[in-house]
Structure formats: C-alpha cells, structure tokens
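Here are a few exercises to work through with the sequence and the model side by side. Try each task yourself before you read the solution.

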Amino acid sequence: MKTTRRSFLTAASALAVTAIAGSAKAQDVVDEILQSSRRGNWDDTFDARASEGGKVASTQPIFSPRTVGYVQQSIMDYQNIVAQGGWPEVPANKKLQLGASDPDVQALRKRLMVSGDLSQRAGISDSFDTYVDAAVKRFQTRHGLPGDGVMGQYTYAAMNISAPVRLGQLETNLTRLQTQAGTLGERYVNVNIPAAQIEAVENDRVVLRHTAIVGKIDRQSPIVNSKINEIIVNPYWNAPISIVRKDIIPLMRKNPNYLKDSHIRLFAPNGAEVDPTTVDWSTEEAAKYLFRQDPSTINAMASVKINFPSPDGVYMHDTPQQSLFNKLMRFDSSGCVRVQNVRDLVTWILRDTPGWDRQRFEQTIKSGVNTPVPVTNPVPVYFTYVTAWSTGDGVVQFRDDIYSRDGAQELKISSAQ
C-alpha cells in the first residue's frame, strides 16, 4: 500500500498535456476571480456559508463503501485542480486572522477558492473578513486542526502542501479504503491512527466518535484486526518491558520514591513481592521483574481497560491525564490507545452483556475493585491508517502522515516524538 514520492507525481505528469490544453480555461477561471467585484467590506451582504459544498461533520464511517465512491470523485476533482495548475502558495510569515488587512490575504483567498473552502463570489481583496474566517475554519476542520480561524504554523504547513502531493495522498488512501470498506461488520470500533480518532459504527453509521491518543513516532500503534472480548473495570496496570526500560528505570534513578508514589509494586518471576530498595537501579536488573500498578485514580489506565487479543499486546483504556486530549498532536502513548469519554464507548460495547448497564458500570468504578467483565458479543476492533478520505458533499479530509507511510515527506507536518 506504500507509495513513493515519484508515484505521487505520476498522475500530475500524466496530466501535463491536459494542463496545457486546458490552460486557456484555467486562465479564464483565474481572470474571473481577479476581475470579480472586490469583497471584504464589513457591510457586505454576501452570504458566506462555510462552503459551496456540504458540512465537514458527518456520521458516515471512514470505511463505508460510499466513502470509496466519494474518494474516487475527489481524485477526479483533484486531477482537475492539478491540470489547471494547482493552488498558489500562501506566504507563511505572518499570523493572519479576522480583522487583518494585508496583501498576503489575496493569495490566501485564491488558495481557499481553488480547494472549495471559499466561494469564488467572495472576490479578491486584502481583507481577512468574516468570509475568509469561515473558510479558514472549514479548511482547518478538514485537516484535523483546531478551527480557530488563525493562520498559524500547522495551518500554513497543511495549506502549502501542493495539489499534486494531495492528489497522490488520495490515491494512496483509496487503496487502503478499497481493501477494507464494507468488510468490517455491522457493528465495530475503528481507531484511525493518523486522525487520532475512534468511530463506533453500527449499520454503516457512526453512533459515537471519540478523540484518541495514539502511539508516538518511536512507539507506534500497530495495525490491528481483532475483537473486544473483555472490559476490565478498575484495572491493574502491568508495565510493558519497553516502558520499564525507557521510562521507569530512569525515573527511579532520579527519584527512589517514584514506585511508591505511583502505587506501583514489584513482583519477581515466582510471584513474590520485591522491595524496590533492594534493587540495583543503576543497572537493568529491574527489567526481569513485573511492575504492577494497583487500581487508583492515578492508575495509568484510570477507570477501565478495553481488552482484545493482539500479538503486539496493545489495548484501549481510560487515562488520568485528560488534558492530553486537548493537544493539537495527540501522538503521545507507547502504542496503546487512550480514549476520551471512554465510559460512553464501554457502555455501547457492553450493550448486549446482561447485567452491565451504565448504572452498574459506574457503581463498579466507584467501588475501586478490580472487576473483569467478559463481553457477551465480542465487538470487532480495527486500528487502521487512513490520512485522506471524503464523506461526500465535496468535503475532502486530510491528516498528518505522522508515521511517514504515504511516501511524501511534505505530508508529515508534525515532529511529535
């Protein structure tokens, strides 16, 4: 499914002849924009809907068969954009936002018009008005960025990825979508790693959507195809050997009370508990022990763990660090997936498990007692990697290629580690 930057540009090269043939038409479009009535006055009556397309939000799953059709249509749209010369680069040296008046806004307006975020009827001017503000917010939402209307580092970076590269990204992800769309079942959970987002899907409709925190670049979340077979309320947390070596041992060297303060106990291979003060932390002797954190408010998995068979040993869980969900780049775990509002998802998963309604679930959390709950009808779960898709109405979604799997360095705009 991987591609190279060279293959990314193949479509653009193949369209070169078409671009020349259609250059007159392309110039006509540009001239029409440039010659349109100059908008941007505060008393303007132009109806600036976010776009001439549809809303960015959708209940359509990423892996819906309809998504495949919309992506195919988007590819044709982007082939046309490439053939007509793509979009202009926007100077990325100013923090433009609502109320600004700057010559660079002209390039911004043209860029947003070509991608369909701003109506061509808005015209070209220096004014960053309410129409441009709405268009920038729409662009940001389509690219998984905070819709604040402010032109900052990541918005500029996403905006200045060229049309040929975006076309190649769509083509790469179409292959991924075609491989699985329509095959995931009537009821399933999909974790889209680049979007750091979770969809709970039923009958080809997203019934719950959750913000997620996924693996760092050097501790990547794996591709998963499994079934959720167990919910553990008030879980113990057994630290993976990678975390023991990379995190816990260095922390113990700095603070000998770290394990005690974190409610983490040491166990030898024979099951006997080990006093941390008897361990030589200047070596990796501790790596042979089991590190188990008791259920508590500071437990790494907080209130609940969502289990499923996985050769990589990953799972989904709650977290005591809720503030991480507000981060722009949510690539902060060691491979497992943290779920915002996880109790809603667990309630949905346990729907067919007798005796486990929301009330009992909440009461069990309050008890603090470690309680494994077998799931009566195991729910399929998938960890997938999709950085470009469309749910229709001319809305094309793009995300940061955080693990560099799309074949073009420009698509990795984050340096999150």
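Before we start, one term: two strands pair if DSSP finds at least two bridges between them. Keep in mind too that this is a predicted model.

**Exercise 1. Find the residue that stands opposite L266, and place its strand in the sheet.**

Step one: strand β6 covers residues 264–267 and pairs with β7 in the antiparallel sense over 2 bridges. That just meets the requirement of at least two bridges.

Step two: look across from L266 and you land on V274 in β7.

Step three: zoom out to the open sheet of 4 strands, with the order β5-β8-β6-β7 and antiparallel pairing. β5 (237–238) and β7 (273–274) are at the edges with a single partner strand each, so one side of each has no neighbour in the sheet.

**Exercise 2. Follow strand β2 and describe its partners and its surroundings.**

Step one: take the partner β1, residues 187–192. β1 and β2 pair in the antiparallel sense over 6 bridges, and R187 stands opposite E202 in β2. The hairpin they form has 4 residues between the strands, and A196 takes a positive phi near 50° there.

Step two: turn to β3, residues 206–215. β2 pairs with β3 in the antiparallel sense too, over 5 bridges, with A200 opposite L208. This hairpin has 3 residues between the strands, and N203 has a positive phi near 55°.

Step three: check burial, where the cut-off is under 20% relative accessible area. Of the 6 residues of β2 (197–202), 5 are buried, so the strand is largely enclosed by the rest of the structure.

**Exercise 3. Decide whether R219 is buried or exposed, and list what it touches.**

Step one: locate R219 in the loop between β3 and β4 (224–233).

Step two: compare the numbers. The relative accessible area of R219 is 11%, and buried means under 20%, so R219 counts as buried.

Step three: skip residues up to four places away in sequence, and R219 touches I243, K246, D247, S333, S334 and G335.

**Exercise 4. Work out how helices α12 and α13 are oriented to each other.**

Step one: α12 spans residues 342–349 and α13 spans 358–367; their axes come within 10 Å and cross at roughly 130°.

Step two: sort that angle. Over 145 degrees would be roughly antiparallel, and 65 to 115 roughly perpendicular. The two helices are therefore oblique to each other.

Step three: add the handedness, since α12 passes α13 in a right-handed crossing.

Step four: see who meets whom. R343, D344, V346 and T347 in α12 meet R358, F361, E362 and I365 in α13.

**Exercise 5. Find the residues of the largest nonpolar core that touch the most other members.**

Step one: this core has 58 residues, and the ones to pick are I228, I231, F291, M316 and F383.

Step two: take I228 as an example. Leaving out residues up to four places away in sequence, I228 touches V189, I306, N307, F308, I349, V375, P378, V379 and V381.

Step three: look for the second, separate core of 26 residues, which includes L167, Y188, Y382 and A388.

Step four: set this against the whole protein, where buried residues make up 51% of the 417 residues.

Notes:
Residues numbered from 1 in each chain as written. Predicted model: local features only at pLDDT ≥ 70, side-chain atom pairs only at ≥ 80, totals over all residues. Heavy atoms only, no water. Buried < 20%, exposed > 50% of the residue type's maximum accessible area, 1.4 Å probe, protein only. Core = buried A, V, L, I, M, F, W, Y, C linked by side-chain atoms within 4.5 Å. Contact = heavy atoms within 4.5 Å. Axes fitted to C-alpha atoms, helices over the stretch in contact; angles between N-to-C directions. Parallel < 35°, antiparallel > 145°, perpendicular 65-115°, else oblique. Left-handed = near helix turned anticlockwise from the far one by under 90°.
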